[in-house]
Amino acid sequence: MRFLALLLTGCILSSCATITRGRNEVISVDSNPSGANATISCIGNISATGTTPARLTIPRKAEGCHINIEKSGMKMQEIQLERGINGSYWLNFIPTVGFPIGGLIQELGDSNNNAPGWFALGLAGAAGFVVDHFTGAMYDHNPGVINVTLQPEQ
């Protein structure tokens, strides 16, 4: 019974970023004046376009992204989006404590044989790291909210 409870807990806690954040991310773009064309372009022909105010969706694992905001009679603005690792990804460490605990229990010769349950919990945490990396859910782009004031062309 304990084994099942630990395994279930591990499955719930693993892949934290994939569960809580998802594979895609919304970048909010607004401009003054509004009605500008906003285009996100990333490596690998990944792009999203809209008219400000806009909510543009891109995959979290997209790399080398920048956004161009342009309107007739105004100077175009380009903003780089930096990709970083979000905090939810690091929550996968919680179930991985099952590995050392399971090893300690096995070393001490626990008569209840709880070590396999702790090892399963640790395995679930390790799986979370792999899943979050594979889906790209471990990443966030900054800035996630963009507000620009466009300047007239001269």
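A charge is taken to sit over a ring when NZ of Lys or CZ of Arg is within 6 Å of the ring centre and within 35 degrees of the ring normal. In this predicted model, the charged end of Arg83 meets that description, sitting over the ring of Tyr139 at 3.7 Å from its centre. The chain has 154 residues, of which 37% are buried, and it contains 6 helices and 9 strands. The points below treat the chain as a whole, then its two open sheets, then individual residues.

**The chain as a whole**

- Among contacts with a separation of 6 or more, 69% are between residues 24 or more positions apart.
- The accessible surface of the chain is about 8800 Å², and carbon and sulfur atoms supply 57% of that surface.

**The sheet of three strands**

- Strands of a sheet pair through backbone hydrogen bonds, and the pairing may be parallel or antiparallel.
- One open sheet consists of 3 strands in the order β4-β1-β9, with mixed pairing.
- The edges of this sheet are β4 (54-59) and β9 (145-149); each has a single partner strand, so one side of each has no neighbour in the sheet.
- From one strand to the next, the twist averages 25°.
- Strand β1 (residues 24-32) runs parallel to β9, and 5 bridges join the two. Within this pairing, Ser28 has Val145 in β9 as its bridge partner.
- β1 also pairs with β4, in the antiparallel sense and over 6 bridges. Here Glu25 has Ile58 in β4 as its bridge partner.
- In a regular strand, side chains alternate between the two faces of the sheet.
- The covered face of β4 holds Ala54, Leu56 and Ile58, whereas Arg55, Thr57 and Pro59 belong to its uncovered face. Ile58, the bridge partner of Glu25, is thus listed on the covered face.

**The sheet of four strands**

- A further open sheet has 4 strands in the order β3-β2-β5-β6, and its pairing is antiparallel.
- β3 (46-51) and β6 (77-80) form the edges of this sheet; each pairs with a single strand, so one side of each is left without a neighbour in the sheet.
- The twist in this sheet averages 15° from one strand to the next.
- β5 and β6 run antiparallel and are joined by 4 bridges. Two bridge partners in β6 are Ile79, which faces Ile67 in the pairing, and Gln77, which is matched with Ile69.
- The hairpin of β5 and β6 has 6 residues between the strands, and Gly73 in this hairpin takes a positive phi near 85°.
- His66 belongs to strand β5 (residues 66-70). Beyond its neighbours within four places in sequence, His66 is in contact with Thr39, Ile40, Ser41, Glu78, Ile79, Gln80 and Leu81.
- The C-alpha atoms of His66 and Leu81 are 5.3 Å apart, while the two residues are 15 residues apart in sequence.

**Tyr139 and the aromatic rings**

- Tyr139 lies in strand β8 (residues 139-142). The relative accessible area of Tyr139 is 12%, so this residue counts as buried, the cut-off being under 20%.
- Leaving aside neighbours within four places in sequence, Tyr139 is in contact with Arg60, Lys61, Arg83, Gly84, Ile85, Asn86 and His133. Arg83 is thus a contact of Tyr139 as well as the residue whose charged end sits over its ring.
- Tyr139 and Pro59 are 80 residues apart along the chain, and their C-alpha atoms are separated by 9.2 Å.
- Lys61, another contact of Tyr139, lies over the face of Phe134 at 5.7 Å from the ring centre.
- The structure holds 0 aromatic pairs.

**Backbone features in the loops**

- Asn32 and Pro33 are joined by a cis peptide bond with omega of about 0°. Pro33 is located in the loop between β1 and β2 (37-42).
- A cis peptide bond also joins Thr52 and Pro53, with omega of about -5°. Pro53 is located in the loop between β3 and β4.
- Asn45 is not a glycine, yet its phi is positive, at about 60°. Asn45 occupies a place in the loop between β2 and β3.
- Asn45 is classed as exposed because its relative accessible area is 81%, the threshold for exposed being over 50%.

Conventions: Residues numbered from 1 in each chain as written. Predicted model: local features only at pLDDT ≥ 70, side-chain atom pairs only at ≥ 80, totals over all residues. Heavy atoms only, no water. Buried < 20%, exposed > 50% of the residue type's maximum accessible area, 1.4 Å probe, protein only. Contact = heavy atoms within 4.5 Å. Areas by Shrake-Rupley, 256 points an atom, 1.4 Å probe, with all protein chains shown as cover. Pairing = 2+ DSSP bridges. Axes fitted to C-alpha atoms, helices over the stretch in contact; angles between N-to-C directions. Phe/Tyr/Trp six-rings, centres within 6.5 Å; stacked < 30°, edge-to-face > 60°.
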